[in-house]
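Biologist: Could you take me through the nonpolar core of this protein in some detail? I would enjoy a close look at that part, with enough of its setting to find my way around.

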Amino acid sequence: MSDNDLYADAARQVLADHCTPQAVRDSEAGGDAVRRIWQQLEAAGLADALVGEDEGGSGLSLEQVFGVLEQCGAHALPLLLGETMIARALLPATQRPAGSIALARGEQRVDGAWHCALVRGGTVADSVLVQAGGAWRLLDAAQARRTPHALALDAAMSWDPAEVAAAPLAPIDASMDIRTLQACVVAPQMAGALGSVLERTLQYANERQQFGRPIGKFQAIQHQLAVMSEHVCAARMAAQLGCHAEGVTPDRLRVAVAKARCSEAALVVAELAHAVHGAIGFTEEYDLQLYTRRLHAWRQTAGSEAYWQDVAGAALFAHAGPTLDLVRTITDVPA
């Protein structure tokens, strides 16, 4: 069994026990489930999986935590485990905070205040690692002024000049792109959520009876399920490629392929899942919406498929050799 499988199994056990659909709903409502789930993740050592062994972490690579991130999506985890993993790995030990860390792009205003138009998970994060221009700062989420977004856990966040000045600059390479980092950890979560949506839709199609037989026996439904399966499998393979990197620094072109493919799949899979389920799939009491709402939010996180297709297209135009050679640099990875 590989390290990926071992850590994925550990994550699966923790999330299956503690990140139930009811716990996800409680988290979105501002309940105490957020604290309980995070305590279990910390106790399992998952938040420090990418931190070096000499600093008390597990010293894993992005490739080795793919399965953990996939399980986060498969259980609709309402917390920022993937973002926290990569933020803790990038920050020096002296600046590494306790609790969860969100990643966000920000802007510095004329008066010195910092503003982030969208922070995924901003309402449940303890800290926010913000990139504004070429500067990185780790800001205290409790000090921010929050404006709610459409998804219950997201928010726009702003910090006053004094709060920004009190936060030391993080010694992270200014050339590193926070969008690439965030997309790298979001794509595997999308792959996990896509898999759960397909699994739930298959189960429903086999249980729901119409005209004396399961609706999954009808050719039209089978066609929809087949299309879903194609997208889910392709998205998972792309997300795996996006995590193939040395250490914790992802390859931007592989991330572009991963995020574009997963975002493209999110639209199709969510649409077909709700088509198969019918009206019940849209109800608040039914669990499907916990996944499809996240898929729509994650699709836009760190750029939609259009943004990352532009990134891949620019790389293609800049490539001097045959197109196949560029494709091989993306897809040819050691087994």
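Modeller: Happy to; here is the core, followed by its surroundings and two loop residues.

Please keep in mind that this is a predicted model, in which local features need pLDDT of at least 70 and side-chain atom pairs count only at pLDDT 80 or more, while totals for chains, interfaces and linings use all residues. Residues are numbered from 1 along each chain as its sequence is written, and side-chain values use heavy atoms, with hydrogens and water left out.

The largest nonpolar core has 85 residues. By nonpolar core I mean a set of buried Ala, Val, Leu, Ile, Met, Phe, Trp, Tyr and Cys residues joined through side-chain atoms within 4.5 Å. Buried here means under 20% relative accessible area, exposed over 50%, and partly exposed in between, with a 1.4 Å probe and protein chains only. The residues with the most contacts inside this core are Leu 41, Leu 77, Leu 81 and Leu 129. Its largest share, 15 residues, comes from helix H7 (residues 178-207). A second, separate core of 18 residues includes Ala 102, Leu 139, Ala 141 and Trp 159.

Leu 77 is a good place to zoom in. Leaving aside residues up to four places away in sequence, Leu 77 touches Leu 15, Cys 19, Ile 37, Leu 41, Cys 72 and Arg 294, where a contact means heavy atoms within 4.5 Å.

Now for the setting. The protein has 12 helices and 9 strands; these are DSSP runs numbered from the N terminus, with helices being H or I of at least four residues and strands E of at least two. Buried residues make up 52% of its 335 residues. Among contacts between residues at least 6 apart in sequence, 71% join residues at least 24 apart. The C-alpha atoms fill a box of roughly 70 × 55 × 45 Å along the principal axes.

Two loop residues are worth a visit as well. Ala 302, in the loop between helix H10 (288-300) and helix H11 (305-318), has a positive phi of about 60° although it is not a glycine. Ala 302 is buried, with a relative accessible area of 10%. Phe 211 sits in the loop between strand E8 (209-210) and strand E9 (213-214), and its phi is also positive, near 55°. Phe 211, however, is exposed, with a relative accessible area of 73%.
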